[in-house]
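Biologist: Before we discuss any details, could you put the sequence and the structure up for us to look at together?

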Amino acid sequence: MDTRNIPSDPGLPEDLEARIARTPLAAPPPDLRAACLSRRAPKRAAAATPPLWRRVWDGFLAPHPVLATSLAAAWIAIFGLWFSTPDVGRPVSGRQASLPEEDRRTLAAQRAELMASLRNAGSEESEEPRGTAEPRNRRSGAPATQAPRSSLSMTNRLA
């Protein structure tokens with residue numbers, strides 16, 4: 001269709017339609033027409049009922065757009081709050097825990113006493129004869145010096 005002959009001034013729509021109707025249409029090339037008509041063949045009929053797994057997926061397991069969007073928004077809010085909160089309530093690992101110098105000295109002294117008592121207990125056992133009728137109780141009472149009951153001394157034993 002040649003649109004160069006149509007005037008650009010606005011006229012009545014009926015005039016334009018009449019001019020378009022008078023314009024002769026060219027027939028499509030035969031090979032294009034044959035290709036278009038060959039694709040018009042009837043399609044195979046779909047199965048009457050889909051398989052069971054497909055019905056279960058479509059009915060129950062397929063993500064619903066509203067639910068998926070709501071779930072994504074909830075996770076974004078959770079991660080946003082998680083990363084924006086300060087580290088006040090989070091525990092510090094044992095390697096990063098810092099002890100005052102006074103506590104370190106106390107713990108070092110207690111460790112030295114404990115090691116000395118273990119060495120002495122080992123040497124006493126080796127001096128006793130093995131053939132005694134009464135077995136020796138390996139567990140002893142509470143040590144003479146008690147360790148301070150603080151969370152730092154329990155988590156950081158080797159400080």
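Biologist: What percentage of the 159 residues in the protein chain is made up of buried residues?
Modeller: This is a predicted model, and a residue counts as buried in it when its relative accessible area is under 20%. By that cut-off, the share of buried residues among the 159 residues of the protein chain is 3%.

Biologist: Which kinds of element does the protein chain contain, and in what order do they run?
Modeller: The protein chain has 0 strands, and its helices number 6. Read from the N terminus on, the order of the elements is therefore written with helices throughout, as α-α-α-α-α-α.

Biologist: Which element of the protein chain has the highest mean pLDDT?
Modeller: The protein chain averages a pLDDT of 75, and 60% of the residues score at least 70. Among the elements, the lowest mean, 53, belongs to helix H6 (residues 151–155). Where pLDDT is low, the predicted coordinates should not be read in detail. The highest mean, 89, is that of H4.

Biologist: How far apart are the end C-alpha atoms of helix H4, and what span should its 20 residues have?
Modeller: Helix H4 covers residues 65–84, and at 1.5 Å a residue its 20 residues should span 28 Å. The distance between its end C-alpha atoms agrees with that expectation, being 28 Å.

Biologist: Does helix H4 lie largely buried or largely in the open?
Modeller: To decide this, one asks how many of the 20 residues of H4 are buried, and the number is 0. Helix H4 therefore lies largely in the open.

Biologist: How are the rings of Phe-79 and Phe-83 arranged as an aromatic pair?
Modeller: The structure holds 2 aromatic pairs, and in the one formed by Phe-79 and Phe-83 the centres are 6.3 Å apart, with 20 degrees between the planes. Both residues lie in helix H4, 4 residues apart, which is about one turn of the helix. Because planes under 30 degrees apart count as stacked, the pair of Phe-79 and Phe-83 is stacked.

Biologist: Which residue forms one aromatic cluster with Phe-79 and Phe-83?
Modeller: Phe-79 is partly exposed at a relative accessible area of 45%, whereas Phe-83 counts as exposed at 65%. The one aromatic cluster that holds Phe-79 and Phe-83 also includes Trp-75.

Biologist: What is the approximate area of the nonpolar surface patch that includes Phe-60?
Modeller: Phe-60 is found in helix H3 (residues 52–61) and is exposed, with a relative accessible area of 71%. Together with Leu-52, Trp-53, Val-56, Trp-57 and Leu-61, Phe-60 makes a nonpolar surface patch of about 730 Å².

Technical notes: Residues are numbered from 1 along each chain as its sequence is written. This is a predicted model: local features need pLDDT of at least 70, side-chain atom pairs count only at pLDDT 80 or more; totals for chains, interfaces and linings use all residues. Side-chain values use heavy atoms; hydrogens and water are left out. Helices (H or I, at least four residues) and strands (E, at least two) are DSSP runs, numbered from the N terminus. The expected span of a helix is 1.5 Å times one less than its number of residues. Buried means under 20% relative accessible area, exposed over 50%, partly exposed in between (1.4 Å probe, protein chains only). pLDDT is the predictor's confidence in each residue, from 0 to 100. Patches are made of residues with over 30% relative accessible area and no salt bridge: like charges are joined within 9 Å, nonpolar side chains (Val, Leu, Ile, Met, Phe, Trp, Tyr) within 5 Å. Accessible areas come from the Shrake-Rupley method with a 1.4 Å probe; for residues, only the protein chains shown count as cover. A salt bridge is a side-chain nitrogen of Lys or Arg within 4 Å of a carboxyl oxygen of Asp or Glu. Rings of Phe, Tyr and Trp (its six-membered ring) pair if their centres lie within 6.5 Å; planes under 30 degrees apart count as stacked, over 60 as edge-to-face and the rest as tilted.
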